[in-house]
Amino acid sequence: MSQGYAIELYFDPALENQVLKAWNVLARRQISTHLIEIESRPHITLFSTPFIDPAKLESIVKSLAAKLEPLPLTLSSIGTLPNDNNVLFLAPTPSISLLQFQSQLCDAMKKEGIEIGEEFRADSWIPYCSVAQDVPKTRMAEAFCVLRDLKLPVSGYAMDIGLVEFSPVRELFSFVMGNSVEA
């Protein structure tokens with residue numbers, strides 16, 4: 001049974017490997033293996049919802065991906081969210097191109113009658129790349145220390161945009177940015 005759907009922004013192989021390095025270090029230390037277990041892929045979530053018709057999103061995502069070139073990204077800081085999921089993440093340095101990209105996606109979805117939740121609206125969206133979920137509270141400080149040892153910032157590009165169903169993660173489709181051919 002699906003827990004939901006997410007539109008995700010994927011990285012070039014070098015940047016993806018930097019994030020996977022963080023996942024693997026945290027897994028080896030037995031701090032968090034959740035993202036590996038659900039077969040996720042390093043990403044920034046642009047939109048998420050419990051229910052949607054994937055076919056309704058495919059043309060929106062394909063059209064947006066075709067119009068836009070890969071986005072430069074720099075993952076430059078470590079953070080956590082103020083909720084009970086005990087998520088740790090690498091945050092991109094906010095760029096106008098990233099914020100505009102997410103805003104254009106939401107505008108296109110609104111035109112199709114898709115409701116955008118509060119956390120994905122342009123004035124409240126927080127871009128981040130999860131590196132750990134469900135971290136035990138007693139190990140949060142250790143996890144932060146592990147992540148601080150990463151050589152930040154790391155830079156690269158957002159290359160693809162796709163729709164996944166979760167959990168476990170199953171990619172339904174993805175498109176290379178700046179190219180109308182499916183990934």
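Let me start with Ser 40 and the residues around it: once we set aside its neighbours within four places in sequence, Ser 40 is in contact with Trp 23, Leu 35 and Val 169. Please keep in mind throughout that what we are looking at is a predicted model. If you follow the chain, you will find Ser 40 in the loop between helix 2, which covers 34–37, and strand 2, which covers 43–49. Is Ser 40 buried or exposed in that loop? Its relative accessible area is 14%, and because anything under 20% counts as buried, Ser 40 belongs to the buried residues.

Now let us step back to the whole chain. The protein chain contains 5 helices and 7 strands, and when you read along the sequence they come in the pattern β-α-α-β-α-β-β-α-β-α-β-β. The radius of gyration is 16 Å, close to the 16 Å that the globule rule gives for 183 residues, so the chain is as compact as a globular protein of that length. If you would rather think in terms of a box, the C-alpha trace spans about 45 × 35 × 30 Å along its principal axes.

How are the contacts spread along the sequence? Taking the contacts with a separation of 6 or more, 78% of them are between residues 24 or more positions apart. Of the 183 residues in the chain, 44% are buried. As for the surface, the protein chain exposes about 9,400 Å², and carbon and sulfur atoms supply 52% of that area. There are also 15 positive and 22 negative charges, and the mean positions of these two groups lie 5 Å apart.

Finally, I would like to turn to the cysteines. A disulfide is a covalent bond between the sulfur atoms of two cysteines. How many disulfides does the structure hold? The number is 0, and we can work through the reason with Cys 106 and Cys 129. For Cys 106, the closest cysteine sulfur is the one in Cys 129, and because the distance is 19 Å, the two are too far apart for a bond; a disulfide would need the sulfur atoms to be within 2.5 Å. Looking from the other side, Cys 129 has its closest cysteine sulfur in Cys 106, again at 19 Å and again too far for a bond. Both of these cysteines are buried, Cys 106 with a relative accessibility of 3% and Cys 129 with a relative accessible area of 0%.

How values were computed:
Residues numbered from 1 in each chain as written. Predicted model: local features only at pLDDT ≥ 70, side-chain atom pairs only at ≥ 80, totals over all residues. Heavy atoms only, no water. Buried < 20%, exposed > 50% of the residue type's maximum accessible area, 1.4 Å probe, protein only. Helix = DSSP H or I, 4+ residues; strand = E, 2+ residues; numbered from the N terminus. Rg over C-alpha atoms; globule rule 2.2 N^0.38 Å. Contact = heavy atoms within 4.5 Å. Areas by Shrake-Rupley, 256 points an atom, 1.4 Å probe, with all protein chains shown as cover. Lys, Arg positive; Asp, Glu negative; His and termini not counted. Charge placed at Lys NZ, Arg CZ, Asp CG, Glu CD.
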